[in-house]
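User: Could you take a close look at one part of this model for me? I'd like a single connected walk-through that I can follow on screen.

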Amino acid sequence: MHRLGGAGIAAFERQQQSQRSFAELSNAISQAQVDLLHAQLAQFRSALAHYAASHRDSIRRDPSFRHAFQRMCTTIGVDPLAGPRRGGWWAEMLGLGDWQYELGVQIVDICVSTRERNGGLIEMGELVRLVSKLRGVAGGVITEDDVIRSIKTLKPLGAGYEVLDVGDGKKMVRSVVKELDADQAVVLAIAQEEGGRVSEGMLITRRGWTYDRASAALQNMLLRDGLCWLDEQDEAGGVAYWIPSAMHWDE
């Protein structure tokens, strides 16, 4: 009994030793892999930094080149426009961090200055046009993609800045804390097609709505949300509503 017990303890100790050896080997392999990964990331970062520095002016000035660069970075999981806390070296290398926040300030400027007439909702193309005019020729060409990315940086403000898809690939930018319901999105889509004008008849004819539904949607936008104007002397006769955010303004 004593010998069997001794043999059992020795076997158990050998098994424990084997497990410790495998664990040490696994840790050594894991550390080697981590070290190799760090070396590869350092090399990758150096190559990207060199590329970014070499093409900085093109990235800042050429919207097509900038879009291609951003798409490449997205593919490899890098955000070139991240703030100081995330990917700050990109912002430092490209100067795009300040550029993006500058664009964000200009977007806020346009949204706030037009809010009185459009209720805090502006068509994307109109926003791009007005921001481009504010920036001037020296500011370079900006695109819808630039605006969308910049608006994402405004979310921490909690002011309701958001890009809305109203259908058929059309987008609007909201700069107030309010939600659009499904009926209002339909009204906005039709207003964009008609240069800002919409009526109960259009909603009934094009969407098959009842008069009560069409009237309620437009009245809510007029009285509750302040997103449209009432025209009681419409040239087509009857009453029409004008959605300022779907209109283009000469400024």
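Analyst: Happy to. Axes here are lines fitted to C-alpha atoms, for helices over the stretch in contact, and angles run from 0 to 180 degrees between N-to-C directions. The model is a predicted one, so local features need pLDDT of at least 70 and side-chain atom pairs pLDDT 80 or more, while totals for chains, interfaces and linings use all residues. Residues are numbered from 1 along each chain as its sequence is written, and side-chain values use heavy atoms, without hydrogens or water.

For orientation, the protein has ten helices and six strands (DSSP runs of H or I, at least four residues, and of E, at least two, numbered from the N terminus). It has 251 residues, of which 36% are buried (under 20% relative accessible area with a 1.4 Å probe, protein chains only; exposed is over 50%, partly exposed in between). If you take the contacts (heavy atoms within 4.5 Å) between residues at least 6 apart in sequence, 52% of them join residues at least 24 apart.

Now to the part I would zoom in on: an open sheet of three strands, ordered β1-β3-β2 and paired in the antiparallel sense (strands pair if DSSP finds at least two bridges between them). β1 (121–123) and β2 (162–167) are the edge strands, and each has a single partner, so one side of each has no neighbour in the sheet. Going from one strand to the next, the twist averages 35 degrees.

Follow the pairings one by one. β1 and β3 run antiparallel and are joined by three bridges; here glutamate 123 stands opposite methionine 172 of β3. On the other pairing, five bridges hold β2 against strand β3 (residues 170–174), again antiparallel. Valine 163 has valine 173 of β3 as its bridge partner, and glutamate 162 stands opposite arginine 174 of β3. The β2 and β3 hairpin has two residues between its strands, and aspartate 168 takes a positive phi near 60 degrees there.

Next, add the helices that lie on these strands. Helix α6 (residues 124–135) lies across β1, β2 and β3, and its direction makes an angle of about 85 degrees with β1. Helix α8 (residues 182–193) also lies across β1, β2 and β3, running at about 115 degrees to β3.

A good residue to click on is valine 128, which sits in α6. Why does valine 128 count as buried? Its relative accessible area is 16%, which is under the 20% cut-off. Leaving aside residues up to four places away in sequence, valine 128 touches Ile142, Thr143, Glu144 and Val147. Its C-alpha lies 9.2 Å from that of aspartate 146, and the two residues are 18 apart in sequence.

That leads to helix α7 (residues 144–154), where the buried residues are Asp146, Val147, Ser150, Ile151 and Leu154. Looking down the axis of α7, these buried residues fall within an arc of 130 degrees (taken from the directions from the helix axis to the C-beta atoms), so they line one face of the helix.

Finally, move further along the chain to helix α9 (residues 200–207) and helix α10 (residues 211–224): their axes come within 9 Å and cross at roughly 130 degrees. Glu200, Leu203 and Ile204 of α9 make this contact with Tyr211, Ala214, Ser215 and Leu218 of α10.
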